[in-house]
Amino acid sequence: MYLMAGLFILSACDHDETYADRRNKERAAINAYIANKKITVITEAQFKANGEKTDTAKNEYVLFESSGVYMQIVNKGCGEKIKNGATVPVLARFDEYNILERPDTAQLTNNSLAYSSLPEKFSVTRSDANYRGTFDETSSLMYNAYQTTAVPAGWLAIFPYINVGRQTKEDEPIAKVNIIVPHSQGQTYASSSVYPCFYRLTIEKGK
């Protein structure tokens, strides 16, 4: 049995509150988070013109308009991008924050002493521009918390832009990415309760 660090579940929404109302609350929460964290939002065109980089000194995040996901690449990582047709094992460390309810308190994380030997394990398969991910049921805090093997679409959005490799030298950093994920691209609780999440993710190739 996994321990869940600070997992908070939203209470049921008011029966009079519509889906549109909840979407509006989500958008307001994301906008407030961006303002409070002094995030500079850039377009996909700017991101591509910058060589698919985000300037961390300016706290830049690129907004993917089609999904509503915001991404900051802190480090692209060592190794190479996932090749078309390949399935790659992945190890991840993550912090998950519910932006709507507790934006500064992690509701789920494996960056703790209890999980020091248990990185998140999943596989990612690429088919052209499409990426599919599956959590390992035997070693997944996300699976234990949300009872699905499907990796959230918001997590998968990062893979066209990062390398997935393993360190062979100390000066070869692994990929590190920050993302803001709306409910439509998030885990099952976020999707059903309509709340956005912020994630810190480090990614490397598994064995």
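Reader: Leaving aside its neighbours within four places in sequence, which residues is M71 in contact with?

Author: In this predicted model, and with neighbours within four places in sequence left aside, M71 is in contact with F47, T54, E60, Y61, V62, F64, I158, Y161, V177, N178 and I179.

Reader: And which residues have the most contacts inside the largest nonpolar core?

Author: M71 is one of them, and it is listed together with F122, W155, F159, I179 and I203, in a core that has 41 residues. The largest share of this core, 5 residues, comes from helix α3, which covers residues 141-146.

Reader: What does the second, separate core include?

Author: That second core has 12 residues, and among them are A29, I34, Y61 and L63. Y61 also appears in the list of residues that M71 is in contact with, although the two cores are separate.

Reader: Back to strand β3, then: how many of its residues are buried?

Author: Strand β3 runs over residues 69-75, and 5 of its 7 residues are buried, so the strand is largely enclosed by the rest of the structure.

Reader: Which strand does β3 form a hairpin with, and what is in the turn?

Author: The hairpin is made with β2, with 4 residues between the two strands, and G68 in the turn has a positive phi of about 80°. Strand β2, residues 60-64, pairs with β3 in the antiparallel sense over 3 bridges, and F64 is the residue that stands opposite V69 in β3.

Reader: How many bridges join β3 to strand β8, and do they run parallel or antiparallel?

Author: Strand β8 covers residues 175-181, and 5 bridges join it to β3, with the two strands running antiparallel. Along this pairing, M71 has I179 in β8 as its bridge partner, while N75 stands opposite K176 in β8.

Reader: Is β8 mostly covered or mostly open?

Author: Strand β8 is mostly covered, since 6 of its 7 residues are buried. It also pairs with β9 in the antiparallel sense, this time over 7 bridges, and in that pairing K176 has T202 in β9 as its bridge partner.

Reader: New topic: how many residues of strand β4 are buried?

Author: Strand β4 takes in residues 87-98, and 10 of its 12 residues are buried, which leaves the strand mostly covered.

Reader: Which residue of β9 is the bridge partner of L91, and how many bridges join β4 to β9?

Author: The partner of L91 in β9 is E204. Strand β9, residues 197-205, runs antiparallel to β4, and 9 bridges join the two.

Reader: What about β6 and β5, how many bridges does β4 have with each of them?

Author: With β6, residues 120-127, strand β4 pairs in the antiparallel sense over 6 bridges, and T87 stands opposite T125 there. With β5, residues 106-109, there are 3 bridges, again with antiparallel strands, and in β5 the bridge partner of Y97 is A106.

Reader: Last one, about cysteines: how many disulfides does the structure hold?

Author: The structure holds 0 disulfides. As background, a disulfide is a covalent bond between the sulfur atoms of two cysteines.

Reader: And why is C197 called buried?

Author: C197 is called buried because its relative accessible area is 2%, and the cut-off for buried is under 20%. C78 is buried by the same cut-off, with a relative accessible area of 11%.

How values were computed
Residues are numbered from 1 along each chain as its sequence is written. This is a predicted model: local features need pLDDT of at least 70, side-chain atom pairs count only at pLDDT 80 or more; totals for chains, interfaces and linings use all residues. Side-chain values use heavy atoms; hydrogens and water are left out. A nonpolar core is a set of buried Ala, Val, Leu, Ile, Met, Phe, Trp, Tyr and Cys residues joined through side-chain atoms within 4.5 Å. Buried means under 20% relative accessible area, exposed over 50%, partly exposed in between (1.4 Å probe, protein chains only). Contact means heavy atoms within 4.5 Å. Two strands pair if DSSP finds at least two bridges between them. A disulfide is a pair of cysteine sulfur atoms within 2.5 Å.
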